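Trainee: I would like to go through this chain step by step. Where should we start?

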Amino acid sequence: MPILSVVMPVYNQETYVYAAIDSILNQTFKDFEFIIVNDGSTDDTNEILKTVSDPRVRILSLPRSGFLKALEHGVRRGLRVGARSLAGRRRVAHLRSHGVV
């Protein structure tokens, strides 16, 4: 189980989503899972997400429910099946879909 879960909700971010994914996957720290929550995108975001083949990536799809609900869904998934405990705490990080780290 990874030490860290990174959660990124996306909605109609076809312009930025690939760069954001690439930024996370190319970090020097590798012990993480990357949970991407597609919040009912109607553009080509979903098609871009289908091209991601890294085993650390988990793509969840929801009907449009808003940023906070999508984030909550991803965080709950990360806490339930993702990051292992460090000193009794789980580690979950959030990245905006147009962010680059």
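Mentor: Start with a term: two residues are in contact if heavy atoms lie within 4.5 Å. Keep in mind that this is a predicted model.

Trainee: What share of the contacts with a separation of 6 or more comes from residues 24 or more positions apart?
Mentor: Contacts here are counted by how far apart the partners sit along the chain, beginning at a separation of 6. Among these contacts, the share from residues 24 or more positions apart is 75%.

Trainee: In what order do the elements of the chain run from the N terminus on?
Mentor: There are three helices and four strands to place. Read from the N terminus, their order is β-α-β-α-β-α-β.

Trainee: How many residues of strand β1 are buried?
Mentor: Buried means under 20% relative accessible area. Over the whole chain of 101 residues, 42% meet that limit. Strand β1 covers residues 4-10 and is largely enclosed by the rest of the structure, because the number of its seven residues that are buried is six.

Trainee: Which residue in β2 stands opposite Val6?
Mentor: Strand β1 pairs with strand β2, residues 32-39, in the parallel sense, and the pairing has seven bridges. Within this pair, the residue of β2 opposite Val6 is Phe34.

Trainee: What is the handedness of the crossover from β1 to β2?
Mentor: On the way from β1 to β2 the chain passes through helix α1, residues 17-25. This makes a β-α-β crossover, and its hand is right-handed.

Trainee: Is Ile24 buried or exposed?
Mentor: Ile24 lies in helix α1. Its relative accessible area is 7%, and the limit for a buried residue is under 20%. Ile24 is therefore buried.

Trainee: Which elements cover the buried residues of α1?
Mentor: The residues to be covered are Val17, Ala20, Ile21, Ser23, Ile24 and Leu25. An α-helix has 3.6 residues a turn, so residues three or four places apart point the same way. The cover over the buried residues of α1 includes β1, β2, α2 (45-50) and β3 (57-62).

Trainee: What separates the C-alpha atoms of Ile24 and Phe34?
Mentor: Ile24 belongs to α1, and Phe34 to β2. Along the chain the two are 10 residues apart. In space, their C-alpha atoms are separated by 8.1 Å.

Trainee: Over the ring of which residue does the charged end of Arg64 sit?
Mentor: The structure holds zero aromatic pairs. A ring can also have a charge over it, and here the charged end of Arg64 is 3.6 Å from the ring centre. That ring belongs to Tyr11.

Terms used. Residues numbered from 1 in each chain as written. Predicted model: local features only at pLDDT ≥ 70, side-chain atom pairs only at ≥ 80, totals over all residues. Heavy atoms only, no water. Buried < 20%, exposed > 50% of the residue type's maximum accessible area, 1.4 Å probe, protein only. Helix = DSSP H or I, 4+ residues; strand = E, 2+ residues; numbered from the N terminus. Pairing = 2+ DSSP bridges. Right-handed = clockwise from strand over helix to strand, strands pointing away. Phe/Tyr/Trp six-rings, centres within 6.5 Å; stacked < 30°, edge-to-face > 60°. Lys NZ or Arg CZ within 6 Å of the ring centre and 35° of its normal.
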